[in-house]
Amino acid sequence: MPTRVPKPEDFDDLSSSLKFALTYPEVPETTTAILIIFHGLGDSEAAFTTFAKSINLPGVLAISVRGVSPLPPALLGLPDSAAPVNHFHWGDDLTLSPSTGDLDPDPGYTKAVDLVLGKLIRETLISKCGWDTRDMLLFGFGQGGSLALGLASKLRGPLSERITNVTNAEPAAAAAAAEGENTAFKGVVSIGGPLPASTIPTLSAREKARSPALVCHGRASEALDDDALEVLRKEFVDVRDVKWQKPDDGMPGSREEMLPIMKFFAERLANEF
């Protein structure tokens with residue numbers, strides 16, 4: 001199927017289950033890649049739509065996605081009757097970690113994976129518009145970074161549990177999987193988000209995920225510590241680690257902090273895969 005630039009109406013079937021904003025290149029017809037952006041816990045797609053415009057990657061259609069569930073009003077100090085406005089999350093649930101008392105960093109991502117990987121990527125961008133995951137970059141911050149890595153973890157070679165998922169698919173989809181298509185993303189960037197254990201295939205003989213991954217974090221990061229980085233290296237073929245001088249995992253606040261990300265984007269966009 002020939003690749004074509006996705007039109008807003010291509011996403012109409014998603015409008016009731018997934019909210020997002022599209023940022024096209026200045027000339028939409030020049031689109032050669034897609035960047036899918038996931039915000040952090042308690043945020044929305046609005047700020048990251050601005051981020052997509054500010055980095056202005058040439059020939060890239062950016063899709064800034066809203067978290068699949070609103071944060072409970074109580075967590076925001078609001079009455080239970082308050083309606084969610086700009087505070088969403090990606091997890092199946094929000095639970096407290098018994099060891100730290102903080103929100104569990106791996107709340108399960110089944111709903112988000114089903115909607116983003118199943119509906120947005122496979123049904124819309126691939127089946128309807130003819131794209132391949134190898135044309136897609138993922139970028140996420142915090143919990144959104146964990147989702148981005150988790151989606152990349154779901155795409156593995158023929159020893160992964162992904163093949164189980166396509167055995168009942170249409171013949172064309174099964175053939176694509178057999179030929180190695182749609183088994184890796186062009187690249188994935190996570191800022192301060194570790195790989196969730198719930199997104200790692202359970203097969204002991206699994207292949208490593210082949211999506212090149214860049215993880216950025218502060219020098220005192222608790223989320224992307226040595227153990228979390230070791231898990232990533234165990235599960236991904238290509239992991240690049242950027243440790244900023246600042247202690248926290250906030251979004252890049254300077255040219256120096258943003259430069260490794262832009263270099264990674266440039267490298268991946270120049271590479272066929």
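These questions and answers walk through a predicted model, from its core to its surface.

Student: How many residues does the largest nonpolar core have?
Tutor: Ile36, Phe38 and Leu120 are the residues with the most contacts inside this core. Elements that each supply at least two of its residues include strand E2 (33-38), strand E3 (60-65) and helix H2 (110-128). The size of this largest nonpolar core is 44 residues.

Student: Which element gives the largest share of this core?
Tutor: Several elements supply at least two residues each, among them helix H3 (143-154), strand E8 (213-217) and helix H6 (226-235). The largest share is nine residues. Those nine come from H2.

Student: How many aromatic pairs are there?
Tutor: Rings count as a pair if their centres lie within 6.5 Å. By this rule the count is six aromatic pairs.

Student: Is the pair of phenylalanine 51 and phenylalanine 139 stacked, tilted or edge-to-face?
Tutor: The two ring centres are 4.8 Å apart. The angle between the planes is 25°. Planes under 30 degrees apart count as stacked, so the pair of phenylalanine 51 and phenylalanine 139 is stacked.

Student: How many residues apart in sequence are the parts that this pair ties together?
Tutor: Phenylalanine 51 lies in helix H1 (residues 45-55). Phenylalanine 139 lies in strand E6 (residues 136-141). The pair therefore ties together parts whose separation in sequence is 88 residues.

Student: Are phenylalanine 51 and phenylalanine 139 buried or exposed?
Tutor: Buried means under 20% relative accessible area. Phenylalanine 51 has 11%, and phenylalanine 139 has 0%. Phenylalanine 51 is therefore buried, and phenylalanine 139 is also buried.

Student: Which residues do ring pairs link into a cluster?
Tutor: Phe51 and Phe139 form one stacked pair. Ring pairs link these two into a cluster with further phenylalanines. The members are Phe48, Phe51, Phe139, Phe141 and Phe265.

Student: How many disulfides does the structure hold?
Tutor: A disulfide needs two cysteine sulfur atoms within 2.5 Å. Cysteine 129 is buried at 0% relative accessible area. Cysteine 216 is buried at 0% as well. The disulfide count for the structure is zero.

Student: What is the N to O distance in the salt bridge of arginine 240 and aspartate 238?
Tutor: The structure holds eleven salt bridges. In this one, arginine 240 is partly exposed at 25% relative accessibility. Aspartate 238 is partly exposed too, at 23%. The N to O distance between their side chains is 2.9 Å.

Student: Which residues are linked with Asp238 and Arg240 in a network of salt bridges?
Tutor: A further salt bridge joins arginine 268 and glutamate 267, at 3.6 Å from N to O. Arginine 268 is buried, at 3% relative accessible area, whereas glutamate 267 is partly exposed, at 34%. Linked with Asp238 and Arg240 in the network are Glu267 and Arg268.

Student: Is lysine 246 buried or exposed?
Tutor: Lysine 246 forms a salt bridge with glutamate 257, with the closest N and O atoms 3.2 Å apart. Lysine 246 lies in the loop between strand E9 (239-243) and helix H7 (255-270), and glutamate 257 lies in H7, so the pair ties together parts eleven residues apart in sequence. Glutamate 257 is buried, with a relative accessible area of 14%. Lysine 246 has 17%, so this residue is buried.

Student: What is the phi of asparagine 56 near?
Tutor: Most residues other than glycine have a negative phi. Asparagine 56 lies in the loop between H1 and E3. This asparagine counts as exposed, at 58% relative accessibility. Its phi is positive, near 50°.

Student: How far apart in space are aspartate 104 and aspartate 93?
Tutor: Aspartate 104 sits in the loop between E5 and H2. Aspartate 104 is partly exposed, with a relative accessible area of 27%. The two aspartates are eleven residues apart in sequence. C-alpha to C-alpha, their distance in space is 9.2 Å.

Student: Which residues form a nonpolar patch on the surface?
Tutor: One member is leucine 75, in the loop between strand E4 (69-70) and strand E5 (88-89). Together the patch members have about 240 Å² of accessible area. They are Leu41, Leu75 and Leu103.

Note on methods
Residues are numbered from 1 along each chain as its sequence is written. This is a predicted model: local features need pLDDT of at least 70, side-chain atom pairs count only at pLDDT 80 or more; totals for chains, interfaces and linings use all residues. Side-chain values use heavy atoms; hydrogens and water are left out. Patches are made of residues with over 30% relative accessible area and no salt bridge: like charges are joined within 9 Å, nonpolar side chains (Val, Leu, Ile, Met, Phe, Trp, Tyr) within 5 Å. Accessible areas come from the Shrake-Rupley method with a 1.4 Å probe; for residues, only the protein chains shown count as cover. A salt bridge is a side-chain nitrogen of Lys or Arg within 4 Å of a carboxyl oxygen of Asp or Glu. Helices (H or I, at least four residues) and strands (E, at least two) are DSSP runs, numbered from the N terminus. Buried means under 20% relative accessible area, exposed over 50%, partly exposed in between (1.4 Å probe, protein chains only). Rings of Phe, Tyr and Trp (its six-membered ring) pair if their centres lie within 6.5 Å; planes under 30 degrees apart count as stacked, over 60 as edge-to-face and the rest as tilted. A nonpolar core is a set of buried Ala, Val, Leu, Ile, Met, Phe, Trp, Tyr and Cys residues joined through side-chain atoms within 4.5 Å.
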